[in-house]
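Let's take a walk through this model together, starting at one pair of facing residues and working outward to the way the chains are arranged.

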Protein chains: 2
Amino acid sequence: MVDYSRFISKVASNIKASEIRELLAIIRGRKDVISFAGGIPDPALFPRKELAKIAGVVIEKYGDNALQYSETKGIIEVRETLSDFLARKREIHADAEDIIITSGSQSALDIVSRTLIDPGDIVITESPSYLAALGAFKMNGAKLIGVKIDENGMRTELLEEKLKQLGDDVKKVKFIYVIPVGQNPAGTTMNKERKKHLLEIASKYDLLILEDDPYSYIIYEEGAETASLKSLDKEGRVIYMSTVSKILAPGLRIGWIVAEKELIRRFEIVKQYVDLHSPTLNQFIVAEAIKTGLIDDVVQKAMPYYKAKRNTMLEAIKENFPDYVWYSKPIGGLFVFAYVYKNGFDAGGLLEKAVKQYKVAYVPGGSFHPEGDGVNSMRLNFSYPTHEQIREGIARLAKLIRES
Amino acid sequence: MVDYSRFISKVASNIKASEIRELLAIIRGRKDVISFAGGIPDPALFPRKELAKIAGVVIEKYGDNALQYSETKGIIEVRETLSDFLARKREIHADAEDIIITSGSQSALDIVSRTLIDPGDIVITESPSYLAALGAFKMNGAKLIGVKIDENGMRTELLEEKLKQLGDDVKKVKFIYVIPVGQNPAGTTMNKERKKHLLEIASKYDLLILEDDPYSYIIYEEGAETASLKSLDKEGRVIYMSTVSKILAPGLRIGWIVAEKELIRRFEIVKQYVDLHSPTLNQFIVAEAIKTGLIDDVVQKAMPYYKAKRNTMLEAIKENFPDYVWYSKPIGGLFVFAYVYKNGFDAGGLLEKAVKQYKVAYVPGGSFHPEGDGVNSMRLNFSYPTHEQIREGIARLAKLIRES
């Protein structure tokens, strides 16, 4: 038989499988384990009936177009609908030509990376940050620099320090990746001052910002500070991206990028060779779901629904976890993040024991940290488990923490 | 404002927009121009009613799964359905674990390229070959070597010559890319001897083959030689890929790769960071369309439908084109390819005149040729225009050829 190893590219040889996805594969089907390891919406919120109807209507009504090849950039009517949606929801004023539709957020991350990153370039991220984004940046050859976060998001004073330390290498920094609202995994949200400071720094050092914004559409506290960086961006430095994964259905794989036309044009050319275009049918479905108000309905329903689950998790943690655990109190997103400040606590090393003996699963936080720290951390998802599972699972987790 | 040019990666700076897609954008909406430039199915063949019903059923019945995140490799039930389909249609005996679902063929090309190609590696292709495949290979850093084709497909004796000429550099060859049936753009089909020879050469020089097979499901001549290379592959050298774009609907963006498990595993890891997974809903729709026999129905209907259009084009060419034009007589696929053997004939240079003065469009063949020749060639699509348009368009084209 063939020895395939010599055919594998350096890039492919160096990347590791995503720990989360491997883990989910193991847990799947084990009914006795309570899992906080997912990052997936509660299917109870999927508007099945309405989407079934929309899909049918779209195919019957726009079939010749909806089933056909379409423009790489995305269908113009869909981009126009998104343009209105973004103005209304996020105060982002972009016309249809500033928008490119992508095959979910992951493809947006990949296309931005391929368009901007040369091997050896630097990407700055929050620490911790979204695992699959770090993976996409690394696969495309980036070196990562992490900037610690606190309750108010990326600590921009540390960012500026790091940039100063870089000296001439600051030219290699292609962009700063942030998830300002309901951060994944940390569950934190950037405040106004930090946002302002971040934009100032980007301007001062001539840098781009990649704003990943999947969670801001569903917020659990009225009056919370959730303005998008893009809406504050006067210089065209912010590349904004989002998705319908959390506000409609992830199985549709529809996301989008908003940026200056010159950048969008570059993304478009790369996308031609990456996947030609995103599924036409799914684009039409998303446009209908926006126009008919279906997405607004889902969001209205999801807010109290997830808020209640978040509250259950925060209460259970407060009751059960020892004092030496720090945890975030998210106003958005799907995650609580926890650091266990106890000597030698290794969330990754304990996971097998957690699953097998304590029947509870989480995502070890280490791999979210671009610089290799954070072994004492874990990400806890509250969107998918039931209230009862949250209470019981947190109790099991508390036991694991105390007994380890 | 920001000067974006310094942020663009070398890869993105070097790639050009796909000529075909740019061209289609220009022609779109110009009703007076007859276009042979597309490569798209006739929407009259889209089973709108049936797909509208299937989409509704899938969402209602499998909604929790069909709208949710899913496995990177593809939904297991869908891969199992494809496994049966491939055995039945193409005598490819692959189990579900040998299959990975991709976001259309283009994404398959990209994922295979990223997994196998290091910058400076060599990919061997037919000359001419599929433009967007050449683009994907180049974007991923490959140097291309073209091997001329004739009525019987890639001229394998020339392939062996080129491999010998490479000497030690043969180690840099990652794969040989072929479209054995109804080739795009040439409309040729490989005969048995050539297939056998190609597999022998791959074995002798320890090479992989990437078999792109979108067209073989719809064949216009009974008894034509259409066996897939994969079905003849004893050593695991063939990576097979196909799509529903020509047998159901391109707007779904569903394709697949079949290969040895070890390679599939590598593709899967890359795909995690490329697009996480292909749209779940679309995967379920494809599985239903296979299981309910809808794809078989479309194929049954498409065969005489496209065959008639092909015949109309071949007859019109025979009547109208001068003797110094060579053209292919395809048994499958959507294209007739033509070389105009007249001094200085430049299909690319003449295109603007063709569109503006003669009101007819085609794709200039030059960019299909990996080594820069073929300026005197053009690709003519017969699937999309009507019979009347084909007759009239070919007459206009003949006029252009004679008068240039």
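**From a strand pair to the whole assembly**

In this predicted model, Trp326(A) stands opposite Tyr339(A) in E11(A). The two strands behind this pair are E10(A) and E11(A), the latter made of residues 335-340, and they run antiparallel to each other over three bridges. Follow the pairing further and you find an open sheet of four strands in chain A, ordered E10-E11-E14-E13 and paired in the antiparallel sense. Strand E10 (325-327) and strand E13 (363-364) of chain A are at its edges, each with a single partner strand, so one side of each has no neighbour in the sheet.

Now turn to another strand of chain A, E7(A), which spans residues 208-212. Is this strand buried or exposed? Five of its five residues are buried, so E7(A) is largely enclosed by the rest of the structure. Both faces are covered: Leu208(A), Leu210(A) and Asp212(A) are buried on one side, and Ile209(A) and Glu211(A) are buried on the other. Strand E6 of chain A, residues 173-178, pairs with E7(A) in the parallel sense over four bridges. Within this pairing, Tyr177(A) stands opposite Leu210(A).

Those two residues lead us straight to Phe137(A), whose contacts include both Tyr177(A) and Leu210(A). Other residues that Phe137(A) touches include Leu109(A), Ile117(A), Val123(A), Leu144(A) and Phe175(A). The largest nonpolar core has 298 residues, and of these Phe137(A) and Phe137(B) touch the most other members.

For a look at where the chains meet, move to Thr115(B), in helix H5 of chain B (residues 104-116). Thr115(B) is buried, with a relative accessible area of 0%. A polar atom of its side chain lies 2.6 Å from the backbone oxygen of Ile111(B). Thr115(B) touches residues of both chains: Phe7(A), Ile8(A), Ser9(A) and Ala12(A) are among them, as are Arg266(B), Phe267(B) and Val270(B).

How do the two chains relate? A turn of 180° with a shift of 0.0 Å along the axis lays chain B on chain A with an RMSD of 0.0 Å. That is the relation of a two-fold axis. The same surface serves both copies, as 100% of the contact residues of chain B recur in chain A.

Finally, an unreviewed UniProt entry carries the annotation "domain: Aminotransferase class I/classII large" for residues 61-397 of chain A. Over that stretch the chain is 44% helix and 18% strand, with the end C-alpha atoms 51 Å apart.

Notes
Residues are numbered from 1 along each chain as its sequence is written. Chains are lettered from A and ligands numbered from 1 in the order in which they are written. This is a predicted model: local features need pLDDT of at least 70, side-chain atom pairs count only at pLDDT 80 or more; totals for chains, interfaces and linings use all residues. Side-chain values use heavy atoms; hydrogens and water are left out. A nonpolar core is a set of buried Ala, Val, Leu, Ile, Met, Phe, Trp, Tyr and Cys residues joined through side-chain atoms within 4.5 Å. Buried means under 20% relative accessible area, exposed over 50%, partly exposed in between (1.4 Å probe, protein chains only). Contact means heavy atoms within 4.5 Å. A polar contact is a pair of N or O atoms within 3.5 Å; within protein, one must be able to donate a hydrogen and the other to accept it, and residues adjacent in sequence count only if both atoms are side-chain atoms. UniProt positions are given in the numbering used here, feature names are shortened, and annotations may be inferred rather than shown by experiment. Copies are superposed by least squares on the C-alpha atoms of residues with pLDDT of at least 70 in both. Two strands pair if DSSP finds at least two bridges between them. Lists of a residue's contacts leave out its neighbours within four places in sequence.
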